Amino acid sequence: MTTAFDLLADRILSGGAATTDDALAVLRTADAELMSVVAAAGRLRREHFGNTVKVNYLVNLKSGLCPENCNYCSQALGSQAPVLKYSWLSKDETLAQAGAGLRGGATRVCMVSSGRGPSERDIDKVVEMTSALKDAHEGVEVCACLGLLKGGQAERLKAAGVDAYNHNINTAESNHDNIVQTHTYEDRVDTIGKAKDAGLSPCSGLIAGLGETDEQLVEALFALRELDADSIPVNFLMPFDGTPYENTWELSPTRCVKILAMARFVCPDKEIRIAGGREMHLRTLQATALHVANSIFLGDYLTSEGQDALADLEMLRDNGFVILGMDQGAFDELIEEHRAKVAGRAVGGCGSACGSSCSDACGGHDEPDSPVIRRRGAGTDVAANA
Ligand code: SF4
């Protein structure tokens with residue numbers, strides 16, 4: 001049976017574009033029709049990305065201590081979330097953390113720092129780190145995410161070999177002032193423009209679950225289409241205790257899949273990345289979501305733990321995907337290496353809230369109720385989850 005979503009996919013594959021009404025219809029589909037949406041959006045995913053998944057790895061260069069008040073952020077001014085707080089990692093520590101992610105299967109390293117925006121000295125540090133990273137790992141892609149850029153900074157990053165710059169719009173312009181008051185939506189768009197003008201690949205996405213309406217989610221997606229972001233990270237709010245969004249739960253797993261499918265219909269040939277909140281919100285639908293999205297973060301997030309890196313990779317293989325840039329044999333070998341590594345230690349966190357670091361005593365969790373604060377990887381003496 002041909003569904004309305006198949007017809008939408010046909011239209012897009014023939015060069016048409018999704019309208020705001022199409023996007024709203026995807027978002028408001030009954031759960032009983034979820035697989036029709038996934039099947040149709042999956043045709044667009046396959047057309048542009050085949051069975052590949054881009055694997056990215058986050059390195060939090062500077063954690064917490066931010067003067068901005070983004071209400072959703074565990075690192076924000078006023079946040080009481082007990083996240084790791086540290087100033088800039090050294091170049092060697094950055095190399096070590098990034099290397100763990102690359103050995104773990106990632107091809108892009110996303111170097112992130114908290115703060116309103118970088119100083120020229122901060123840019124010096126990232127320039128040095130990028131150059132060392134590129135020397136040590138041939139072909140590595142580097143994305144920087146350092147906040148609001150000032151004139152000339154994007155050009156310096158580009159000259160150093162940085163490939164992409166991430167700066168999320170986060171939400172619709174019409175909702176922006178409800179989620180942060182220390183900078184404006186225009187500030188964010190300005191930085192994305194500076195990155196693009198300097199020749200950096202623009203990476204910009206959103207956070208769902210911030211009290212936005214369906215129309216505002218659609219507004220945000222169409223703004224990203226207009227901005228022509230190459231990569232679109234779709235985050236699902238992780239409501240950290242100690243932040244204004246503590247105990248805010250607006251999302252269901254099916255809703256998250258529909259949001260990702262909407263992103264695919266609106267931006268069919270762009271990298272749609274399932275970002276923060278993947279485990280806690282998609283739960284058993286993570287693999288289903290990969291049939292419309294084509295990119296994930298491996299392992300942990302900036303301030304919270306993700307599921308074990310091996311679980312990420314096995315999920316990809318179990319569902320017939322391979323890591324972008326890796327053939328099946330190399331992917332199989334990578335998984336065996338991870339299994340051997342895991343056999344030699346207790347398995348890491350599962351993205352839930354039990355606080356046990358998921359030792360052998362952990363029997364798994366049905367429904368996490370708050371993010372698990374990251375206590376390993378960057379800024380700690382504990383091995384990274386990669
Ligand atoms: S999102 Fe970035 S700018 Fe906003 S509070 Fe968090 S670290 Fe600071």
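This is a short guided tour of a protein structure, one selection at a time.

**The whole protein**

Before you click on anything, keep in mind that you are looking at a predicted model. Show the protein as a cartoon and you can follow 14 helices and 10 strands. Along the principal axes, the C-alpha atoms fill a box of roughly 55 × 50 × 40 Å. How does the radius of gyration agree with that of a compact globule? For 386 residues such a globule would come out near 21 Å, and the protein has 20 Å, so the two agree.

Colour by burial next: 50% of the 386 residues count as buried. If you draw contacts with a separation of 6 or more, 76% of them join residues 24 or more positions apart.

**Stop 1: helix 1**

Select residues 4-13, which form helix 1, and show the side chains of F5, L8, A9 and I12: these four are buried. Now look down the helix axis. The buried residues fall within an arc of 100°, so they line one face of helix 1. What do they pack against? Add helix 2 (20-27), helix 3 (34-49) and helix 10 to your selection, and you have the partners of that buried face. Just after helix 1, pick G15, whose phi is positive, near 105°.

**Stop 2: the nonpolar core**

Stay with helix 10 for a moment, but widen the view. In soluble globular proteins, nonpolar side chains tend to be buried together. Here the largest nonpolar core holds 108 residues, and the members that touch the most others are Y57, V109, M111, L260 and F265. Helix 10 (residues 253-266) gives this core its largest share, nine residues.

Centre the view on F265. Beyond its close sequence neighbours (up to four places away), F265 is in contact with L8 and I12, both of which you met as buried residues of helix 1. Its other contacts of this kind are A18, D22, A23, V26, A41 and L44.

**Stop 3: strands 1 and 2**

Move to residues 108-113, strand 2. Are they mostly covered or mostly open? They are mostly covered, as six of the six residues in strand 2 are buried. Turn on the side chains to see two directions: R108, C110 and V112 point one way, while V109, M111 and S113 point the other, and all are buried.

Now add strand 1 (52-62). Strands 1 and 2 pair in the parallel sense over six bridges. To find your place in the pairing, look for N60, which stands opposite V112 in strand 2.

**Stop 4: the cysteines after strand 1**

Select C66, C70 and C73, which an unreviewed UniProt entry lists under "binding site". C70 sits in the loop between strand 1 and helix 4 (91-103), and C73 lies in the loop between strand 1 and helix 4 too.

Is C70 buried or exposed? C70 counts as buried because it has 21 C-beta neighbours inside 10 Å. C73 has 26 such neighbours, so it counts as buried as well. Apart from residues within four places in sequence, C70 is in contact with A76, I179 and V180.

**Stop 5: a second set of binding-site residues**

Next, select C110, C143, C203 and R273, also given as "binding site" by UniProt in an unreviewed entry. They are spread over 164 residues of sequence but cluster in space, with a largest C-alpha distance of 13.9 Å.

C110 takes you back to strand 2. It is buried, with 26 other C-beta atoms within 10 Å. Leaving out residues up to four places away in sequence, C110 touches N56, Y57, L58, V59, C143, C145 and N166. Among these, C143 belongs to the listed binding-site residues too.

R273 is in strand 8 (residues 271-274) and is buried, with 26 other C-beta atoms within 10 Å. Setting aside its neighbours within four places in sequence, R273 is in contact with N56, G205, S231, I232, P233, V234, A293, S295 and I296.

**Last stop: the annotated domain**

Finally, colour residues 51-275, which an unreviewed UniProt entry lists as "domain: Radical SAM core". The end C-alpha atoms of this span lie 19 Å apart, and the span is 38% helix and 18% strand.

Notes
Residues are numbered from 1 along each chain as its sequence is written. This is a predicted model: local features need pLDDT of at least 70, side-chain atom pairs count only at pLDDT 80 or more; totals for chains, interfaces and linings use all residues. The radius of gyration is taken over C-alpha atoms; the globule rule is 2.2 Å times the number of residues to the power 0.38. A residue is buried if 20 or more other C-beta atoms lie within 10 Å of its own, exposed if 12 or fewer, and partly exposed in between; C-beta atoms are placed from the backbone. Two residues are in contact if their C-beta atoms, placed from the backbone, lie within 7 Å. UniProt positions are given in the numbering used here, feature names are shortened, and annotations may be inferred rather than shown by experiment. A nonpolar core is a set of buried Ala, Val, Leu, Ile, Met, Phe, Trp, Tyr and Cys residues joined through C-beta atoms within 7 Å. The arc is that of the directions from the helix axis to the C-beta atoms. Two strands pair if DSSP finds at least two bridges between them.
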